[in-house]
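These are my notebook entries on one protein chain. I set down what I looked up, entry by entry.

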Amino acid sequence: MNSYPPELLSQLAPVMFVAGLDAPTSTSTPPAPPTPQSATHPHTPSSAPPTPSKSQDSFAQLASRLRDALQSQRKPTIWAPERTKTFHIILVDKAIRFPPRKLVPPEDPQFSNAHSPLSPLTPSSPLYPDGLIAPIWIRKHTALVPSVFVLFLRLFEVPPINPRSPLDPPDVEHERERGEEERRRDAELSAEIAQRKKSTNERGIKLTVVLLASRRMLDDPSLDGRLTFIRRQSGLDSRAALFVLSPVSSSELNDFVRSLQDALYEPALEYYTTHSKRVRRKRNRHSQAVSSYNPVHNPLAAPNIPRPLRPEGWTVRYEYKMACFAEFRGEDEVALKHYQDAYATLLIMFGSTAILPPRTKRWAEAKVLADTINVKISKLYLYNNEHALALSHHNSHMRRFADFSRGWGIGEETFEYWSWMARQHRVLAELLEQGSRTTLTFPTHLPVPRPASVGTPLELDAVRALGLNPSHALQHPGHYYYMAARCTEVRRERFLAGESMAQGAPAAPGYANEEKVDHLTIILELYTKSYELFKKYSSPASQGRLTLWIACRIAHTYYESGKFDMAVRFFERIAKTYRREKWGTMLRPLLGTWYACAQKLGDIDMTVKLLIEMIGYGDTDEPGTLQEDLLAVLRSSVPSKPDEPLMVDLKESEPLLDTTMLFWKSEVRVGEDAAFQLSLIAPTNTVISSLPIDSITVRFTEEYAPVIIQHTPASTQDRVRLVQVGRLEHEDEDMEIEADLRLKPGDRLIVSGTMSSEIPRLLKVSSVTIELKEGDWTIEVPQEPCAAREGSSLAPRWLSSLNPVNFLPMGRGDHSSLSIRHRPHELSVSFTHPEPALLDEEYPIMIEITNTDERELDIIVDVLLQPTEIDIAVQHIIFDGQQSSGLIKGIHFGVVAPGVTALKTLYLVSGGAPGDRTIDVSVQSSSTTNDPSRSRSTSPASPAGPLSRDVSETLQTLVIPTLSALEVVYDVGYRRALGKRAELADLLRYEEEGIDDGTGGDSEAVVTARVTCGGPWGLEIESLNLIRQEVGGAKVLECFSEEGDNNMFPGEYLPGDEFCDMFRVSIAPDEDQGLNGGVVPGPGKYEIIWRSRILPGGDRGPLTSTHFALPPLLPPRDELIALLSVPSTAKLHAPIPMELTIRNQHPSRSANIEVQLALDPLDGFVVAGLRSGHIPVLLPGGEEKLVWRLIPIECGYVRVPGIKVMDRRRSGAEQEAEGDLVKVVDVRLDWRRGTEDTRLVAEGAEAEGGASPAEQVGLGTVLVLP
């Protein structure tokens, strides 16, 4: 951007002048009027302020800190997108004078008609008569005229007088003199402020005064009166015009500077708004005045008379000014609109050579103005992250002015055109680079996903698939630096072409200045910047290829500038990557330039290497040119080291000869011969028939001696030549054969033979080395064994006959290598196991391995138990003392001789659930006899691998069905407990030991367990045990199988046989179980110990233990219940008791119970006891017992008298007299299912239209005997 005035490019910000912070000097000099030099630079004092010393007072330190704080604020820069209330602060002298607004003083009568010194209407103006905008106008508003003027002054203070005693009265005379002196000094200060106020009012500048006072003065009661006096006498505004500052710390000082800028930001905006309105009024008046102006242009009439500025020029001038004032205010959108209008009008002016004749001073100024406005517009677009609009406007600017340049005679054939194009690319690159250092981010250009639209035309999809035009996508600045460098290269070419054509002719315009330009230095600078930025922004996907291309351009520039050593350094680094990544198209021109550099440097070895490598890539000129150049160099020079061969490594470059290696078979056994053919093919795109090839050395892997093909001229040169080498074996001496190595384009030399090995290995060609000899030169050229040139497709073909020549195509992909392996081992693996397996038993699997080979085999077995998809399955295997739920590895069966069988038993233990179990068995065998790999040491060149070991592996998979040996079905019934419950206040009620004796429970469960023998064969059951477990809320009271007279076990059971057991459980669920729906875990488990009765050998199997968990208990829950207990039998006229127990099992509600005895004259009992009455309130968890005595008066089954129990407490708002009926249950008939069963029964009863289960429960009868 140095080619443009910085004033036209910098970001404009409100300007603040700060005066009164000069360092104190011994003598004061009157201020000098501003000179042109002072107008160029900020108005700083003539001499730099000295550094404050310790002797200076606190106000000197305060002034120094203020200068540092103010100068650390916003600095002039080109890129500043932040919109904060900050100023461009300039320190000036207190006596500074502003430049005049007009040439005549305000007192002159012609003042209203006069114009600005910078106006095109002023004859002394640099813009007279038809100039647009000069950079000095921007400099006037950024360095000469502020929007806010801040004046720092010292408030006068009388030194304090310390009284001799605190009791002394104040000195009245001293106070009077002090007041008079302060009033006089304040009047002088007010006059000074008023003088400055007058100069700022003339320009509409806001004046703010900051008075420096001590902290003692801030507490003085006279301070307010003095400040009021100073404000009124000086005419300061009432808002943000007068501040008082005392010496404070640096942090507080920064806060003051920030608050000062915040307070003065609005007046600054008003200042620039006023200027903008004034310019707008001028524009409107001018447009109205010139609307009918249409001068007649006559180019022959008075050509030397200057013409005034046309209306289009005035429009550009006014729009540009309004854009600048909007930029001062921070209104980017408004500034962008005015810049666009000014730019559009400039395009109209450039479109007419009558308005702006080419190659004139005003034409050049307007062109600079258009370029800088383009930068401003692009920058404002980038501030809003509108990358596409910024790039579009910049491209449009370059395209339009390129069209203008062709009309001006400055087209692509001139260096001026490319100079301007390079400048535009560089300006954009520098703008983006500055923005990237702060807030600018560059978009990522990724492929747009194809929308799933049905009606999308195929042509549109094809266009989208082509990608994105790079000129339409904003990229990082390195790209535009690169474009600028390329344009500068074309600029240099056009200049050199014009220089050669202008021999003796008059020089073109600007030719003298162009001669002074160091084009190559500029190109190197641009390429270097582009290189650094491409490295910074390159993605891993690109792998730095663009960066290498730019480095290649740098190397070419060094070559053009004569710095051949620097060019060679770049070429060496670039060529490594190009060779590795096979970029032959880009490597060919690089090698040519590198070769020219080597010639200039006189490096013979490098010249020979490059020529040989260039021959591999083919001749670009006439065929044989490179070959002739190489022979000329070899015959006319000597190597730098005659005793050592020159190495030219072509392993990553194109080979001199295309080579293919073919093996007839891809795999053979140890000791078996394998036929091979090695083809050496001369390239067709270059001539190497005269190259002095002395020999070709072919080296194989492992320990084979190399094959050396020596050159021997032949009488006849066939296109296909066959050389037989016979059988290759492990030898220490090289095998030499002879052949004619002068190959014409397309000739083929085939080396044929056989190979064998006594040990397993992988055979292939490791390298092919071509040796050239000419005079004192010996050159070795190693290349890849199976290498082909770029673009050549060598299909693998086997030479079957030489006369006539016939080839057989090879369809294999691994034709270039040969695998030599051991003979496979012969084993017989069998498994013996009775199906199916039973859960929980150790299921035996007999593994039988028989060696049917003639060699001794060392056998190792691995067993893998595959995971099952059954959810609750548990499984593991036991093999040779090892147990695992997955893999058991390395079970050694020992060394098995031929014809011998090895046996081992694998046990499978399955649990949880029945289903199929899968086992993978791997039998690995290795030979121990006549194994060369065991007896001979392994060389580092041929490490022992899978091929060198005589190892074989056999895989078998077993799928074993698994069934349940026993199945258990539980039948659970519930009844209410009759034991005495603990009182509410009894602590035993809330402890777990409360149901140890079986009392205190809410209910009891009677569980019947039915066990079925479900296996395919009989079982021998040794025992059945109920294992009790401590479970909160349940306890087993008694069990049938634990009785002493049980003779069921041990016993044999056939498939389908069943046996049962019963046990009783006391249930008292706690609060957590009650919240979970009353589910109580089973209080133990059954343990059944059994063994299989049938095994393959007739033996009895091992004991197996199977466990069955007791079912979870779901007892029905009652809230309020009445339990009636009465004997089942009675004697006539003998009294019997009848007990009624009322329990409140509601968790939170108490009960108000009323009991009534419903007697009937037909009843067969005489009742003694309560007929009707209330019982005390039953709290939650409480119970109450009532007792009656019954005397039977008749025999037979006599119905028990009816009892009605009512709960008078209602949960709803309405009360009924009847209350709620409480169910009365005869404990002799109490038998229920679980909660789920009760719900199902209730639903079924309601569906059938019957009564609910609660209503169906009635009272029983008593058998009365005589």
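Entry 1, strand pairing. I looked up strand S1 (residues 15–19) and found that five bridges join S1 to S2, the two running parallel. Within this pair, Met-16 stands opposite Ile-89 in S2. I took strands (E, at least two residues) and helices (H or I, at least four) as DSSP runs, numbered from the N terminus, and I count two strands as paired if DSSP finds at least two bridges between them.

Entry 2, source. I note that this is a predicted model, in which local features need pLDDT of at least 70 and side-chain atom pairs count only at pLDDT 80 or more, while totals for chains, interfaces and linings use all residues. Residues are numbered from 1 along each chain as its sequence is written, and side-chain values use heavy atoms, with hydrogens and water left out.

Entry 3, the sheet. I followed the pairing outward and found an open sheet of five strands, in the order S2-S1-S3-S4-S5, with parallel pairing. Its edge strands, each pairing on one side only, are S2 (88–92) and S5 (242–245). On average, neighbouring strands of the sheet are turned by 25° against each other, direction ignored. Helix H2 (residues 58–71) lies across S1, S2, S3 (148–154), S4 (206–212) and S5, and runs at about 140° to S2. Such angles run from 0 to 180 degrees between N-to-C directions, with axes fitted to C-alpha atoms, for helices over the stretch in contact; contact means heavy atoms within 4.5 Å.

Entry 4, nonpolar cores. I asked which residues touch the most other members of the largest nonpolar core. They are Phe-149, Leu-346, Phe-350, Phe-700 and Ile-779, out of 188 residues. Helix H10 (residues 361–383) gives the most to this core, with eleven residues. A second, separate core of 32 residues includes Trp-1017 and Phe-1049. A core here is a set of buried Ala, Val, Leu, Ile, Met, Phe, Trp, Tyr and Cys residues joined through side-chain atoms within 4.5 Å. Buried means under 20% relative accessible area (1.4 Å probe, protein chains only).

Entry 5, around Phe-700. Leaving out residues up to four places away in sequence, I list among the residues touched by Phe-700 Met-661, Phe-676, Leu-728 and Met-755.

Entry 6, the whole chain. I recorded 25 helices and 49 strands in the protein chain. Of its 1266 residues, 46% are buried. Among contacts with a separation of 6 or more, 77% join residues 24 or more positions apart.

How values were computed
Buried means under 20% relative accessible area, exposed over 50%, partly exposed in between (1.4 Å probe, protein chains only).
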